[in-house]
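Please open the model in your viewer, switch to a cartoon representation, and keep the selection tool at hand. The tour below goes from one selection to the next and says what is found at each stop.

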Amino acid sequence: MSDILSGWPPPVLDPAGPFAGPVTTVAWVLFIMATVVLAVVLVALGIALFGPRAWKRRVGGERLVWIGGLLFPVVVLSGLLIYGLSVTARVSDAPRENEMRVRVTGEMWWWRVAYLDREGREVLQDANEVHIPVGQPVVIELESADVIHSLWIPRLGGKTDMIPGRRNFMRIQADAPGVYAGQCAEYCGGPHALMGLVVVAHAPDAFQAWQVRQAAPVAVSSFPGAAVFANSGCGACHTIRGTEANGLAGPDLTHVGSRQTLGAGILPNNQGTMAGWIADSQGIKPGNRMPSYPVLTGQELRDVAAYLDSLK
């Protein structure tokens, strides 16, 4: 299994960027306050059950009920609400000038990824992973194509919902190169738990080189699997730029061979897993919208997997 999959699920209290750090701090504050409140309640309960009679009268007195039952919760919860809103406002506001923008659209049960220029126009398509430069804020524009989803990349930012008909924003930044796992964090039916995402952070020069490769269409292929792909009708759902495949229902496969995972984060990407996914995607991820292809022979599966693996 690949390194990224062996680390799944991602650690949730190990921030790797400036926008995940404040969210982690909020989490620790909530944990500590919950512990304090629990301790106060347990002490009061212990006194009520086992304390001296005078202490029991005080615990059951009207004054303590007003303080502990009304004033204390109002003050504590109001303070936590204001603190939490002030933190999330800094990491979820709209794009600023010259910030990199990526649109991620949640679909059943995968992620459509589009890289945008400064004016918000789409320049690149990808799926199930986001590539970013190290040390640079990136604004993720979040949309949904069907039901409510939610994107959570714990080491880079907080959880943000994706609501049909609405665009939300998430700001992330990685302080070091690496691969960071994300997950849909709002139940969206079917194989919701198998809807993962990968963020790959590159050094700035490496990121620019990746952009150049990603923008290029594929060359004419001599792989026999290219004919299998075309004859099986795969181009009705998938796009491979530079070929006649121009489907929009499924992920763009122009550079699928360079991706970290298959099936939205559930399989390492290699020829063997690719062949298995094509043959029995419903057995691997029941309910997903990719049909299984048991009609393909073993040789045809190997051929088309080799062809797709060559699309780097």
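In which sense do strand β6 (residues 149-152) and β7 pair, and over how many bridges? In this predicted model, β6 and β7 pair in the antiparallel sense, and three bridges connect them. To see one point of this pairing, select S150 and then D161, which is the bridge partner of S150 in β7.

Next, widen the selection to the sheet around these strands, an open sheet of five strands that follows the order β4-β10-β9-β6-β7 and has mixed pairing. The edge strands are β4 (129-133) and β7 (160-162), each of which pairs on one side only. From one strand to the next, the twist averages 25°.

Now move from β6 to β9, which are joined by two bridges and run antiparallel; show W152 together with Q183, its bridge partner in β9. Keep Q183 selected and add G196, because Q183 has G196 as its bridge partner in β10. Strand β9 and strand β10 (residues 196-202) are joined by six bridges and also run antiparallel. If you then colour strand β9 (residues 178-184) by burial, five of its seven residues come out as buried, so the strand is largely enclosed by the rest of the structure.

For the following stop, select strand β5 (residues 138-144) and β8, an antiparallel pair joined by five bridges. Among the residues to display here are L142 and N168, the latter being the bridge partner of L142 in β8. Strand β8 (residues 168-172) is mostly covered, with five of its five residues buried. In a regular strand the side chains alternate between the two faces of the sheet. With the side chains of β8 shown, N168, M170 and I172 point one way, whereas F169 and R171 point the other way, and all of them are buried.

Finally, turn to the aromatic residues, of which the structure holds four pairs. Select F207 and W210, whose ring centres lie 5.9 Å apart with their planes at 20°, so the pair is stacked. Both residues belong to helix α5 (residues 204-215), and because they are three residues apart there, about one helical turn separates them. F207 and W210 are each buried. Adding Y115 to the selection completes the view, since Y115, F207 and W210 form one aromatic cluster.

Definitions and conventions: Residues are numbered from 1 along each chain as its sequence is written. This is a predicted model: local features need pLDDT of at least 70, side-chain atom pairs count only at pLDDT 80 or more; totals for chains, interfaces and linings use all residues. Side-chain values use heavy atoms; hydrogens and water are left out. Buried means under 20% relative accessible area, exposed over 50%, partly exposed in between (1.4 Å probe, protein chains only). Helices (H or I, at least four residues) and strands (E, at least two) are DSSP runs, numbered from the N terminus. Two strands pair if DSSP finds at least two bridges between them. Axes are lines fitted to C-alpha atoms, for helices over the stretch in contact, and angles run from 0 to 180 degrees between N-to-C directions. Rings of Phe, Tyr and Trp (its six-membered ring) pair if their centres lie within 6.5 Å; planes under 30 degrees apart count as stacked, over 60 as edge-to-face and the rest as tilted.
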